[in-house]
Amino acid sequence: MHMEKNPAIPDAAAGPAVYRQYARQWLHANLPAHMRSDSVDYRTPTLDECRQWEQSMYEAGLAGMTWPKVYGGRGLTLREHLVVNKEVGALAMPESVSSIGKELAGPIIQAVGTEEQKQCFLHCILSMRHFWCQGFSEPDAGSDLARLRTKAVPEGDSWRINGQKIWTSGAAKAHYCLLLTRTGTVADKHRGLLMFAVPMDTPGIRVVPIKSIDGKDSFAEVFFDNVVVPDSARLGAPDDGWNAAIRVLSIERATNRMYRAWRFECELRQLVAACKSDPELSKLLDDGYTQRRIGDVVGEIDALKGLVERTVDQMTAGDKIGARGSLTKLYWSECHQAFAGLALSLVSHVNVRSSALAQRARKHFTHAYLFARAETIYAGTSEVQMDIIAQRIMNLPTEL
Ligand SMILES: Cc1cc2nc3c(=O)[nH]c(=O)nc-3n(C[C@H](O)[C@H](O)[C@H](O)COP(=O)(O)OP(=O)(O)OC[C@H]3O[C@@H](n4cnc5c(N)ncnc54)[C@H](O)[C@@H]3O)c2cc1C
């Protein structure tokens, strides 16, 4: 079927249904086969290929949906953001290489940044000129962020920063770090925290990559040794860093990569198609136990879709999402980890005689399985999400 490569971008009044149709058409017509992980032509895209792809999505009106037009956004609602995400999820395209910028730094800059900061950063994030990383976790402060020690000391019109961050995703490629620091003492806990937008080429910053279980070095330790930044790098008021950090975490848990349920569904279709493409593997699908596990996954994905839709309804109605973000985070990470386990158990039967689609699926799902181990850790572990749900949604007492 012929698809128009450059259909006209719908205007704001067109509504979500029209935007969805537009997004579907554009993505199908423009995503190259070698970037589709369910295609036998797939090859791991380079960072620059991913950057260019996301830049073209932005130019096609498929990024910054809810951001104000004045900062390069589309000025639309969370509904249009969701419909674009559904279409993004339904295609096996690469994960965003700039989700920390687009989904964490961008929103917090809009919430607490000065006008100058908004002008300086927001358009560069959307147009893929700047990558960001998130410098929150430290060796002794992960789940309990209030124990962080990286110190920011005022010096005239500047701040001097010393300390260490860890597990900083994308630090090696980032232009800026959304950095959480302490201005007082560790005993102040969540008081006396301050957030900065720190250029990663500032003298005194050292990035040491860490290799993860999937063989990639996508995160790093970041050392700050007498790093001096101007006061204009401060995001929000001194002492307001905790509120800003909680806001970032709530976005990270509730709305970041909103396409996940649709992406999991796409992966499930890929898994089943790969099994059906091969006589040996297709026999596995006849097994009642496998069928029940697949049925389970379908149910979980559907429930996750419902959670996401409800989050969007609540946010559109003006409600703050707060602790409910933990429910979504817990659900998608556990759901995907269980699915990745099922997928690995099926593709582990792939051998050199298996179909090309099955070989591709083995590579994809081996990587998915390894990465899914991290999904119940980053953005807050499952145990921590369960505590938050118990204490802040069910109002149960805090454990002594
Ligand atoms: C792939 C990946 C990418 C990441 N990217 C980033 C990033 O870009 N920026 C960033 O700042 N951080 C990042 N992180 C760090 C991540 O946020 C932390 O690993 C996470 O918050 C857990 O902290 P921790 O590793 O210090 O573990 P700890 O907090 O030491 O937890 C250890 C164990 O104790 C449990 N535990 C801790 N406290 C409680 C409690 N109160 N109740 C019950 N159980 C508890 C935890 O569930 C866990 O099982 C990333 C992590 C991973 C795996």
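Biologist: What makes you say the ligand lies between two domains?

Modeller: Domain 2 (132-239) gives residues to the shell around the ligand and so does domain 3 (257-393), so the ligand lies between them. Keep in mind that this is a predicted model.

Biologist: Which residues come nearest to the ligand?

Modeller: There are 16 residues around the ligand, and Gln134, Ser143, Trp167, Thr381 and Glu383 come nearest.

Biologist: How do you know that glutamate 383 has a polar contact with the ligand?

Modeller: The pair to look at is a polar side-chain atom of glutamate 383 and an oxygen atom of the ligand, 2.7 Å apart. A polar contact needs N or O atoms within 3.5 Å, so this pair counts.

Biologist: And what links the backbone to the ligand at tryptophan 167 and serine 137?

Modeller: At tryptophan 167, a backbone N or O atom lies 2.9 Å from a nitrogen atom of the ligand. At serine 137, a polar backbone atom is 2.7 Å from a ligand oxygen. Both distances are within 3.5 Å, so both pairs pass as polar contacts.

Biologist: How much of the ligand does the protein bury?

Modeller: The protein buries 65% of the 980 Å² that the ligand exposes when taken alone.

Biologist: Which elements give two or more residues to that shell?

Modeller: Strand E3 (158-169) and helix H12 (382-393) do. E3 has the largest share, with three residues. By kind, the shell residues split into seven nonpolar, seven polar and two charged.

Biologist: On to the helices. Why is H6 called largely enclosed?

Modeller: In H6, 10 of the 14 residues are buried, so the rest of the structure largely encloses this helix. Val248, Leu249 and Ile251 are among them, and Glu252 and Arg253 are on the buried list too.

Biologist: How do you know that the length of H6 is close to what is expected?

Modeller: Helix H6 (residues 241-254) reaches 20 Å from its first C-alpha to its last, and the expected value at 1.5 Å a residue is 20 Å. H7 (residues 260-276) passes a similar check: its 17 residues reach 24 Å, close to the expected 24 Å.

Biologist: What makes H7 "mostly covered"?

Modeller: The count does: 12 of the 17 residues in H7 are buried. They include Trp262, Phe264, Leu268 and Leu271, as well as Arg260, Arg263 and Glu267.

Biologist: Why is leucine 330 buried or exposed, whichever it turns out to be?

Modeller: Leucine 330, in helix H10 (residues 324-347), has 17% relative accessibility. Buried means under 20%, so leucine 330 counts as buried. Its C-alpha is 7.3 Å from that of threonine 376, although the two are 46 residues apart along the chain.

Biologist: Why is tyrosine 369 called partly exposed?

Modeller: Tyrosine 369 has a relative accessible area of 26%. That is neither under 20% nor over 50%, so the residue is partly exposed. Tyrosine 369 sits in helix H11 (residues 356-375), and its C-alpha is 4.8 Å from that of alanine 340, 29 residues apart along the chain.

Biologist: What makes proline 203 count as exposed?

Modeller: Its relative accessibility is 66%, and exposed means over 50%, so proline 203 qualifies. You can find proline 203 in the loop between strand E5 (193-199) and strand E6 (205-210).

Biologist: What is notable about phi at asparagine 226 and asparagine 395?

Modeller: Asparagine 226 has a positive phi of about 55° although it is not a glycine, and asparagine 395 also has a positive phi of about 55°. Asparagine 226 lies in strand E7 (residues 219-230), while asparagine 395 is in the segment after H12.

Biologist: How do you know which exposure class each asparagine belongs to?

Modeller: Asparagine 226 has 39%, between the 20% and 50% cut-offs, so it is partly exposed. Asparagine 395 has 63%, over the 50% limit, so it counts as exposed.

Biologist: Last one: what does the side chain of threonine 316 lie 2.5 Å from?

Modeller: A polar atom of that side chain lies 2.5 Å from the backbone oxygen of valine 312. Threonine 316 is in helix H9 (residues 288-316). At 48% relative accessible area, threonine 316 is not over 50%, so the label is partly exposed.

Technical notes. Residues numbered from 1 in each chain as written. Predicted model: local features only at pLDDT ≥ 70, side-chain atom pairs only at ≥ 80, totals over all residues. Heavy atoms only, no water. Near = heavy atom within 4 Å. Polar contact = N/O pair within 3.5 Å; in protein donor to acceptor, adjacent residues only side chain to side chain. Areas by Shrake-Rupley, 256 points an atom, 1.4 Å probe, with all protein chains shown as cover. Helix = DSSP H or I, 4+ residues; strand = E, 2+ residues; numbered from the N terminus. Nonpolar A, V, L, I, M, F, W, Y, C, P; charged D, E, K, R; others polar. Domains from an automatic or database assignment. Expected span 1.5 Å × (residues − 1). Buried < 20%, exposed > 50% of the residue type's maximum accessible area, 1.4 Å probe, protein only.
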